[in-house]
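Open the model in your viewer and keep the selection tool at hand. The stops below say what to select next and what is there.

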Amino acid sequence: MSDQSLCFLPATDLAAMIRRKEISCEELMKVHLDQIDRINPMVNAIVTLLPDQAMQGARAADRSIARAHAVGPLHGLPVAHKDLMLTKGIRTTFGSPIFKDFVPDQDGLIVERLRAAGAITVGKTNTPEFGAGSQTFNPVFGTTKNPYDLTKTCGGSSGGASVALACGMIAIGDGSDLGGSLRNPASFCNIAGFRPSVGRVPNWPVLNAFYALSVVGPMARTVQDLALTLSVIAGPDGRAPLSIAEPGSIFTRALTRNFKGTKVAWGSNLGAFDVDHNVTDVLDKHRHVLEDVGCEVDEAHPDFRDADEIFQVLRAYAFETNYGHLLTSHRGQMKETVIWNIEAGQRLTGSEVARAETKRTELYHRMCAFMEEYEYVVLPVVQVAPFDITQEYVTHINGRKMETYIDWMRSCYYITVTGCPAISVPCGFTAEGLPVGLQIVGRPQQDFAVLQLAYAFQEQMPSWKRKPALFNGLT
């Protein structure tokens, strides 16, 4: 097997090869570092690289195996962490010049768990400033390119992780999701990104531990790899009061399932937003896959009225909470969209927040009632295909103007406000060769069920195996 092929093997296979001693951790790490040296200059996905530290970690991992020590499920696998995640002793910039030299003295909880399971950190992946917007660029590291077309965006805000995975530079990845940041870049880069239920993967440290929109979660090339990663990063933690009590071990179960008679609601646009025909053409073409695996698919969707108001208010509230204290002293170092979102939060009244929370509760109950009949809702991940890398955000869809820098992400953030788990799974390519993802949404806290349908879909769809265009002609 070539080094290139090895880099694209599923993490589940790589972990098994290490346990069987078919490859050493040092050999595997060298292959991935060589891939990074070769490919990363073209795409700018990994922005802080630690080759010496990674190789030392790999050699230590091999010593553990040689001494017959117990090893974790991710033992020896290369991982890079989103540059919003705290990493002890490793620069964490949040994509902001304010923090370009910041080195934390602690790990975020998700980083703790990945390392405890044996994953080895190779560096940090690029993100837009403070994770704001689904286009990965910032003044510290520049822009991350889509490997399927270097003139297009990779999405965001977990764009660096998506590209690193799509290019075989890491085995597994992590990210965060407020309005679609685990799902959007996965769709744009032909990988899988999973937004778990709030509390499934505890998030710490945070300024507001009771905030119920933002989550952290896994990214990978396959659904099986998502489940493997979730098995170690999910589970309760006392520092995160919204933690779900179920252990991560529930994700070690078999993903196979009989879907005969399972009711699925096909919501092309949830009756509420525009979707570009390049996206709908791909999704409609592969709708039959759900029927092929046994599902009964109906055109239907829940009532999503008030979703815009809910999300815009609670997002603005979060920006004021997290970054409002920086605005006075560092305004000149912040991008305009971040300033706009913070100031929107500063203008909020108590009654506006109360109304948004009340309406969110009503929407949640409408969603639950709808999903008593339908186990899944399926819809586009993103309303457009990957767009020009020089464009900061989408301004029009089907001739309709987008009023803010996030309006084009309604297909993701409408799902965010329900609290339901959702996944982006590869669904094919546009006529121009750009990836399109399918979003599968499950019932509240039924994260494993979402993975099961995504796995069944993946197994019928070979498009997830298609490597990025930049590899054409490379040897």
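A residue is called buried here when its relative accessible area is under 20%. This is a predicted model, and the tour begins with a helix to which that cut-off applies.

**Stop 1: helix α6**

Select α6, residues 159-166. The buried residues in α6 are Gly159, Gly160, Ala161, Ser162, Val163, Ala164, Leu165 and Ala166. That makes 8 of 8, so the helix is largely enclosed by the rest of the structure. After α6 comes glycine 168, with a positive phi near 70°.

**Stop 2: the loop before α6**

Step back to the loop between β7 (149-153) and α6, where serine 157 is found. The peptide bond joining glycine 156 and serine 157 is cis, with omega about 10°. Most peptide bonds are trans.

Glycine 155 is in this loop too, between β7 and α6. Is glycine 155 buried or exposed? Its relative accessible area is 0%, which means that glycine 155 is buried. Show its surroundings: leaving out residues up to four places away in sequence, glycine 155 touches Ser134, Gln135, Thr136, Asn184, Pro185 and Phe188. Now add tyrosine 405, which is 250 residues from glycine 155 along the chain; their C-alpha atoms are separated by 13 Å.

**Stop 3: the largest cavity**

Keep Tyr405 selected, since it is one of the residues lining the largest cavity. The others in that lining are Ala132, Gly133, Ser134, Gln135, Phe137, Lys335, Thr337, Glu392 and Tyr393. The volume of this cavity is about 50 Å³. How many cavities of 30 Å³ or more does a search of the whole structure find? There are 2.

**Stop 4: the sheet**

Next, colour the strands of the open sheet. It has 11 strands in the order β1-β3-β2-β8-β10-β9-β16-β17-β13-β11-β12, and the pairing is mixed. The edges are β1 (46-49) and β12 (296-299); each has a single partner strand, so one side of each is left without a neighbour in the sheet. From one strand to the next the twist averages 30°.

Pick out β8 (residues 172-177) and β10 (residues 215-220), an antiparallel pair with 5 bridges. Within this pairing, aspartate 174 stands opposite proline 218 in β10.

In the loop between β9 and β10, select proline 205. The peptide bond from tryptophan 204 to proline 205 is cis, and omega is near -5°.

**Stop 5: strand β16 and its partners**

Select β16 (422-429). Here 8 of the 8 residues are buried, so β16 is largely enclosed by the rest of the structure. β9 and β16 run antiparallel and are joined by 3 bridges; phenylalanine 194 stands opposite isoleucine 423 in β16. β16 and β17 also run antiparallel, with 6 bridges between them. Valine 425 has leucine 438 in β17 as its bridge partner.

Follow the chain from β16 into β17: the two form a hairpin with 5 residues between them, and glycine 433 in the turn has a positive phi of about 85°.

**Stop 6: helix α15 and the core**

Show α15 (residues 447-460), which packs on the sheet and touches β9, β11, β13, β16 and β17. The direction of α15 makes about 10° with that of β16. Glutamine 458 lies in α15. With a relative accessible area of 2%, glutamine 458 is buried. Its contacts beyond four places in sequence are Arg221, Thr222, Val223, Gln224, Val425 and Trp464.

Now select Met334, Trp408, Ile440 and Leu451, the residues with the most contacts inside the largest nonpolar core, which has 160 residues. Helix α11 (residues 307-330) gives the most to this core, with 10 residues. Beyond four places in sequence, isoleucine 440 is in contact with residues including Tyr376, Val377, Pro421, Ile423, Val425, Val450 and Leu453.

**Stop 7: two residues with positive phi**

Most residues other than glycine have a negative phi. Select lysine 21, in the loop between α2 (11-19) and α3 (25-43). Its phi is positive, near 65°, and lysine 21 is exposed, with a relative accessible area of 59%. Finish at asparagine 44, in the loop between α3 and β1, whose phi is also positive, near 60°.

Definitions and conventions
Residues numbered from 1 in each chain as written. Predicted model: local features only at pLDDT ≥ 70, side-chain atom pairs only at ≥ 80, totals over all residues. Heavy atoms only, no water. Pairing = 2+ DSSP bridges. Helix = DSSP H or I, 4+ residues; strand = E, 2+ residues; numbered from the N terminus. Axes fitted to C-alpha atoms, helices over the stretch in contact; angles between N-to-C directions. Contact = heavy atoms within 4.5 Å. Core = buried A, V, L, I, M, F, W, Y, C linked by side-chain atoms within 4.5 Å. Buried < 20%, exposed > 50% of the residue type's maximum accessible area, 1.4 Å probe, protein only. 1 Å grid on protein atoms, 1.4 Å probe; cavity = no way out; pocket = protein on both sides within 12 Å on 5 of 7 lines; lining within 4 Å. Points joined across faces, edges and corners; volume = space filled by probe spheres on them.
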